[in-house]
Amino acid sequence: MSIKKAIHTHSLMLLVMFWSLTSTAQVLRKRTTLLMGGRFDISIVAKDSLTAEQNIDIVIAEITRIENLISDWKSDSQVSEVNQNAGIRPVKVDREVFELTQRALQFSEATKGGFDISFAAMDRIWKFDGSMTEMPSAEAIKKSVEKVGYKNIILDSVQSTVFLKLKGMKIGFGALGEGYATDKCRNIMLAKGIKAGIVNGSGDMTAWGRQPNGKDWNIGMTNPFHPDTLFAVVPLNNGAVTTSGSYEKFVVFNGKRYSHIINPATGYPATGLCSVSVFGPNAETANGLSTSLMVLGQKAGLLLLKKYPDYSCVMITDNGKLVKSSNFKIKKFKTKF
């Protein structure tokens, strides 16, 4: 081979190598917005900034679409129509809303009412703004949940209707809806060929793929006793993590800590745990579990989790003990707070 030809071939190889490196280079774009009554942080990895930003727009449009369907605070949503017709008539809803309601009721059954989407009708007699000076009476607590009860929600799969039997009943998806939205966004992005990203809806997050540097996404876990610090940073690449906690809103009476997460079956706040994080493939299910575990407590919560072998958890008790489910695999944990 001539020197001239060798130089040309070498230049061509360098060009091919450079092209292959730039063609696989990825950029990360992030955006924060308010949706579904909370903060959403969206991160998308794509081949260029424009593609990433366009796909963030698609994610925001999808979350907005879901919010308009299921938000109980938007008067024209399908869920609001269900609530407005409580005790009057069944309301036909989209299959998507019907199936979300159906899955929420399955959680209600599994937790014997510790999780209940009809919690939306609960009287807000517990105040976590510092204004409470004594516990509500047992009578007031009992009355606060008289319109709550998943067994009074009637579903008709053939007609795709939801009927609330009692006047004054309400359903609301709360954080379960945020988890559902993050899962939907991940699936849409994967279908569009976006191989990596993270959608975080107020702490309910779904991640897929890896960062542009090839590393897993790093998820910071809040120290419940010092909420401005982290007690762990854990890797996440294909899966979800959701956290339920009482470290921002709680009251203490007679030395006992009462969280803002209320047991819908009893009307009493959850006690014993101040934080529960659940890891698994799906943010909607993880959210249902993290909320349920907070309400059920350590022993009953871990028993429930055994029915969901793809999900694991980390609990932190009110007295600072860290408890992991037996199937928890992530080792990078500091255990001091």
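Here is a short walk through this predicted model, one selection at a time.

**The whole chain**

Start zoomed out, with everything shown as a cartoon. You should be able to pick out eight helices and 15 strands. Along its principal axes, the C-alpha trace fits a box of roughly 95 × 50 × 35 Å. Switch on a surface and you're looking at about 17,200 Å² of exposed area, with carbon and sulfur atoms supplying 55% of it. Under that surface, 47% of the 337 residues are buried. If you colour by charge, there are 42 positive and 29 negative ones to find, and the mean positions of the two sets lie 8 Å apart. One more number before zooming in: of the contacts between residues at least 6 apart in sequence, 58% join residues at least 24 apart.

**Into the largest core**

Now select Ile-44, Ile-63, Ile-70 and Ile-153 and show their side chains. These are the residues with the most contacts inside the largest nonpolar core, a set of 57 residues. Add helix α2, residues 49-70, which gives the most to this core: eight residues.

Stay on Ile-44 and bring up its surroundings. Beyond its close sequence neighbours, Ile-44 is in contact with a long list of residues, among them Val-27, Leu-28, Ala-52, Ile-56, Val-59, Met-189, Ile-194 and Trp-208. There's also a second, separate core to look for; it has 19 residues, including Ala-207, Met-221, Ala-232 and Leu-236.

**Out to Lys-30**

Next, pick Lys-30 in strand β1, which covers residues 27-35. Is this lysine buried or exposed? It's exposed, with a relative accessible area of 60%. Even so, Lys-30 has company: leaving out residues up to four places away in sequence, it touches Ile-42, Ser-43 and Ile-56. For a quick distance check, go from Lys-30 to Val-45, C-alpha to C-alpha; the two are 15 residues apart in sequence and 9.0 Å apart in space.

**A covered strand with two partners**

Select strand β13, residues 273-280. How many of its eight residues are buried? Eight of the eight are. Now add the strands that pair with β13. Strand β10 (residues 239-245) runs antiparallel to β13 and is joined to it by six bridges; look for Gly-245, whose bridge partner is Ser-275. Strand β14 (residues 312-317) also pairs with β13 in the antiparallel sense, over six bridges. There, Leu-273 stands opposite Thr-317. While the side chains are on, remember that in a regular strand they alternate between the two faces of the sheet.

**A threonine in helix α7**

Move to helix α7, residues 283-296, and click on Thr-285. Why does Thr-285 count as buried? Its relative accessibility is 18%, and the cut-off for buried is under 20%. Show what is around Thr-285 and you'll find contacts with Phe-107, Tyr-308 and Tyr-311, again leaving aside neighbours within four places in sequence.

**Last stop: a three-stranded sheet**

Finish with the open antiparallel sheet in the order β3-β5-β4. Which strands stand at its edges? They are β3 (91-92) and β4 (153-156); each has a single partner strand, so one side of each is left without a neighbour in the sheet. Zoom in where β4 meets β5 (residues 161-164): four bridges join this antiparallel pair. To see one of the bridge pairs, select Leu-155 and its partner in β5, Val-162.

Terms used
Residues numbered from 1 in each chain as written. Predicted model: local features only at pLDDT ≥ 70, side-chain atom pairs only at ≥ 80, totals over all residues. Heavy atoms only, no water. Helix = DSSP H or I, 4+ residues; strand = E, 2+ residues; numbered from the N terminus. Buried < 20%, exposed > 50% of the residue type's maximum accessible area, 1.4 Å probe, protein only. Contact = heavy atoms within 4.5 Å. Areas by Shrake-Rupley, 256 points an atom, 1.4 Å probe, with all protein chains shown as cover. Lys, Arg positive; Asp, Glu negative; His and termini not counted. Charge placed at Lys NZ, Arg CZ, Asp CG, Glu CD. Core = buried A, V, L, I, M, F, W, Y, C linked by side-chain atoms within 4.5 Å. Pairing = 2+ DSSP bridges.
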